[in-house]
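Here is a short tour of one protein model, meant to be read with the structure open beside you. We start with charged pairs, then move to the inside and finish on the surface.

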Amino acid sequence: MLSAVAHGNGPNGLAVVLAALVALGRLDQEHAMVYFQLIWNALREPMRQALEALVMERQIEGEATFPPFVQKLIDRGKLEGMREGELKGKRDTLLRLLARAGIVLTENERARVQACTDMAILDRWLDNVLGAKTAAEVLS
């Protein structure tokens, strides 16, 4: 774990981090997740992206041999990614429908739509677009 924290951002960082993940797989899940979080926090963004890309590549190729705690984190990330994708799709659809209806949003209203993470509210706003003449009618 210390090697991954100390050398995870170096030239062989990805190999060091992967070795640490294998070692963490021998620990109980609670401790493994804590240590993984410490390693993750020590990684700079380029190494985080490289690790995420490698995990996704191995999963797509069916070569994923990660410890169970890492698989749980991956699965949680997939669910969060799917939810974020659904939210983005709803926000984009709402903005497109508003534009097609000729309803112009202020910067604050557009920011409000982009910041919304509540599926029920986005669904309500999507329903409100039908027949609405103003942004206030949609975003009520």
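## A charged pair along one helix

Let's begin with D92: its relative accessibility is 34%, so it counts as partly exposed. Keep in mind that you're looking at a predicted model. The side chain of D92 meets that of K88 in a salt bridge, with 2.6 Å from N to O. K88 is partly exposed as well, with a relative accessible area of 46%.

Both K88 and D92 sit in helix α5, and they are four residues apart, about one turn of the helix. Searching the whole structure turns up three salt bridges, so there are others to look at.

## A buried arginine and its partner

Next up is R91, which pairs with E84 in a salt bridge whose closest N and O atoms are 2.8 Å apart. Is R91 buried or exposed? With just 6% relative accessibility, R91 counts as buried, because the cut-off for buried is under 20%. Its partner E84 is partly exposed, at a relative accessible area of 40%.

## Linking α5 to α7

Now look at D123, which forms a salt bridge with K90; here the closest N and O atoms are 2.3 Å apart. This pair ties together distant parts of the chain, with D123 in helix α7 and K90 in helix α5, 33 residues apart. If you want to find K90 on screen, helix α5 covers residues 68-100.

How accessible are the two ends? K90 has a relative accessible area of 17%, so it is buried. D123, at 31%, is partly exposed. Which residues does K90 touch, if you skip those up to four places away in sequence? The list is M119, L122, D123 and L126.

## Two nonpolar cores

Nonpolar side chains tend to be buried together in soluble globular proteins. In this model, the largest nonpolar core has 17 residues, and the ones with the most contacts inside it are L94, L98, L105, V113, W125 and V138. Helices α5, α7 (119-129) and α8 (135-138) each supply at least two residues of this core. Which helix gives the most? That would be α7, with five residues.

For a closer look, try L94. Leaving out neighbours within four places in sequence, L94 is in contact with V113, L122, W125, L126, V129 and V138. Apart from this core there is another one, made of 15 residues, including V17, L21, W40 and V55.

## A nonpolar patch on the surface

Finally, turn to the outside. M1, L2, V5, L27, V34, Y35 and L38 make a nonpolar surface patch of about 600 Å². Two helices, α1 (2-7) and α3 (29-42), each supply at least two residues of the patch. The largest share comes from α3, which gives three residues.

M1 is also part of this patch, and you'll find M1 in the segment before α1. Why does M1 qualify for a surface patch? Patch residues need over 30% relative accessible area, and M1 has 33%, so it clears that cut-off. In burial terms, M1 is partly exposed.

Terms used: Residues numbered from 1 in each chain as written. Predicted model: local features only at pLDDT ≥ 70, side-chain atom pairs only at ≥ 80, totals over all residues. Heavy atoms only, no water. Patch = residues over 30% accessible without salt bridge, like charges linked within 9 Å, V, L, I, M, F, W, Y side chains within 5 Å. Areas by Shrake-Rupley, 256 points an atom, 1.4 Å probe, with all protein chains shown as cover. Salt bridge = Lys/Arg side-chain N within 4 Å of Asp/Glu carboxyl O. Buried < 20%, exposed > 50% of the residue type's maximum accessible area, 1.4 Å probe, protein only. Contact = heavy atoms within 4.5 Å. Core = buried A, V, L, I, M, F, W, Y, C linked by side-chain atoms within 4.5 Å.
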